Amino acid sequence: MDAAASSVEYYLPEEVLERLNAISDADVARLVGISRRLARSGLSSDDLLQETFKRVLETEKPRRWPRDLDLGPFFFGVMHSIVSTYCKGLATKAQVRERELHLAEVSLSRDFSFEAELADEAEADHIRATMVALFDGDSEAKDVLEGIMDGWTGQELCELCDVSKEQLATIKRRVNRRIGKAFPDGWVSNA
Amino acid sequence: MGGCLMPRKTQEELDRLAQALAEELLDASDEEILAYLDANCSLAEMRAKIEHAMEAGIRAAKKAKLFNARRELDAAKEAPTRTATVISIEEKRKRLQKTISDANSKDSRITLAAREGKGVPDEDIDGLFDDANDLGLFGPDGEDS
């Protein structure tokens, strides 16, 4: 009964493949860029992209792509969900079983021992310090960077740094580009 | 925050930053995103990365499908199977008579009609046979126990 309705709301599997096979250069750059910003220790951008495609393309219970959503926002949502699941250490029973049988090509398991947590936190401290040091001599960018990490909104950042919305956008692009270059595979300390 | 360790504060800061940077790429126009290209990766390399991830994703999805099919097959194998065997009324009557005859040698209270199996309608034979079968009076293959 819902077959017709659902085909209107979501792309059919063959349509998803068609869209991915015709992916534009801009979307290629967008997906890779997003995966690199969201990747972290234990979950590389390659792993993240692969797991994302698996979830979108699997035949049983795939992540369905709403027709009114562009490629970028849809894939961002899937990647974000994978990263959140990874960070919380959650995995479905099926994923656990797949891993046990070595069927999954990407391991999404994470060590939650006290020692591992300590190591993660130490690594995060190191990454943060390295990142802030990238902007030594660029106090404007450093303020924006730290403001984002502290959770300030765009409006608050404008007030904090005494810049216009447009100036803030330019500074954020500078921050993004420099971090992208220094951390090409997300938050890993050997970057 | 109490305790000797600030619980994942820095990680939370990095998560916020990661999300903000990723969202910025999401909001950028196509022209901006192409100008944004990370200096250490060309467009051709990025495309190869996407194609590789897509192929690997398709492979993993196929494996997952096979895995689920195998699991269903294993479950079906483990499930108890009951094969329906069609037994004719005559055969049922014969087996019942034999069982009753055997029982009669041990218990003389069974009626003469039942002992001889005469005058019992077919539908009653069906019911009697099923009851006797449920009671385990026949062997595993329907043979008398």
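**Exercise 1. Determine, for chain A and then for chain B of this predicted model, what share of the contacts between residues at least 6 apart in sequence joins residues at least 24 apart, and set beside it the secondary structure and the burial of the chain.**

Solution. Step one takes the contacts of chain A: among those between residues at least 6 apart in sequence, 58% join residues at least 24 apart. Step two adds the secondary structure, which in chain A comes to 10 helices and 0 strands, while 31% of the 191 residues of chain A count as buried. Step three turns to chain B, where, among contacts between residues at least 6 apart in sequence, 50% join residues at least 24 apart. Chain B has 6 helices and 0 strands, and of its 145 residues 15% count as buried.

**Exercise 2. Establish how confidently chain A is predicted, and which of its elements have the lowest and the highest mean pLDDT.**

Solution. The starting point is the average over chain A, a pLDDT of 83, with 81% of the residues scoring at least 70. The next step goes element by element: among the elements of chain A, helix H6 (residues 93–100) has the lowest mean pLDDT, 51, and H8(A) has the highest, 94. Where pLDDT is low, the predicted coordinates should not be read in detail.

**Exercise 3. Describe the side of chain A that touches chain B, and find the element that supplies its largest share.**

Solution. Counting comes before anything else: 47 residues of chain A are in contact with 42 residues of chain B. The elements of chain A that each supply at least two residues to this side are H3, H4, H5, helix H7 (114–133), helix H8 (139–150) and H10. The largest share, 11 residues, comes from H3(A). By class, the side of chain A that touches chain B has 24 nonpolar, 7 polar and 16 charged residues.

**Exercise 4. Examine helix H3 of chain A: how does its reach agree with expectation, how many of its residues are buried, and what covers them?**

Solution. Begin with the geometry: H3(A), residues 25–38, has 14 residues and reaches 20 Å from its first C-alpha to its last, close to the 20 Å expected at 1.5 Å a residue. Burial follows: 11 of the 14 residues are buried, and H3(A) is thus mostly covered; the buried residues include Val28(A), Leu31(A), Arg36(A) and Leu38(A). The cover includes, from chain A, helix H4 (45–57), helix H5 (71–88) and helix H10 (165–182), and, from chain B, helix H1 (9–27), helix H2 (30–36) and helix H3 (43–78).

**Exercise 5. Trace the contacts of Ile50(B), and place this residue in the largest nonpolar core.**

Solution. Leaving aside its neighbours within four places in sequence, Ile50(B) is in contact with Ile23(A), Val28(A), Leu31(A), Val32(A) and Leu49(A). Among these partners, Val28(A), Leu31(A) and Val32(A) are buried residues of H3(A). In the largest nonpolar core, which has 49 residues, Ile50(B) is one of those that touch the most other members, together with Leu38(A), Leu48(A) and Met79(A).

**Exercise 6. Explain why Tyr36(B) counts as partly exposed, and identify its contacts.**

Solution. Tyr36(B) lies in helix H2 of chain B. Its class follows from a count: Tyr36(B) is partly exposed because 18 other C-beta atoms lie within 10 Å, whereas 20 or more would make a residue buried and 12 or fewer would make it exposed. Leaving aside neighbours within four places in sequence, Tyr36(B) is in contact with Ala29(A), Gly33(A), Arg177(A), Leu25(B) and Ala28(B). For one of these partners, Leu25(B), which is 11 residues from Tyr36(B) along the chain, the C-alpha separation is 8.5 Å.

Key: Residues are numbered from 1 along each chain as its sequence is written. Chains are lettered from A and ligands numbered from 1 in the order in which they are written. This is a predicted model: local features need pLDDT of at least 70, side-chain atom pairs count only at pLDDT 80 or more; totals for chains, interfaces and linings use all residues. Helices (H or I, at least four residues) and strands (E, at least two) are DSSP runs, numbered from the N terminus. The expected span of a helix is 1.5 Å times one less than its number of residues. Two residues are in contact if their C-beta atoms, placed from the backbone, lie within 7 Å. Ala, Val, Leu, Ile, Met, Phe, Trp, Tyr, Cys and Pro count as nonpolar, Asp, Glu, Lys and Arg as charged, and the others, Gly among them, as polar. A nonpolar core is a set of buried Ala, Val, Leu, Ile, Met, Phe, Trp, Tyr and Cys residues joined through C-beta atoms within 7 Å. pLDDT is the predictor's confidence in each residue, from 0 to 100.
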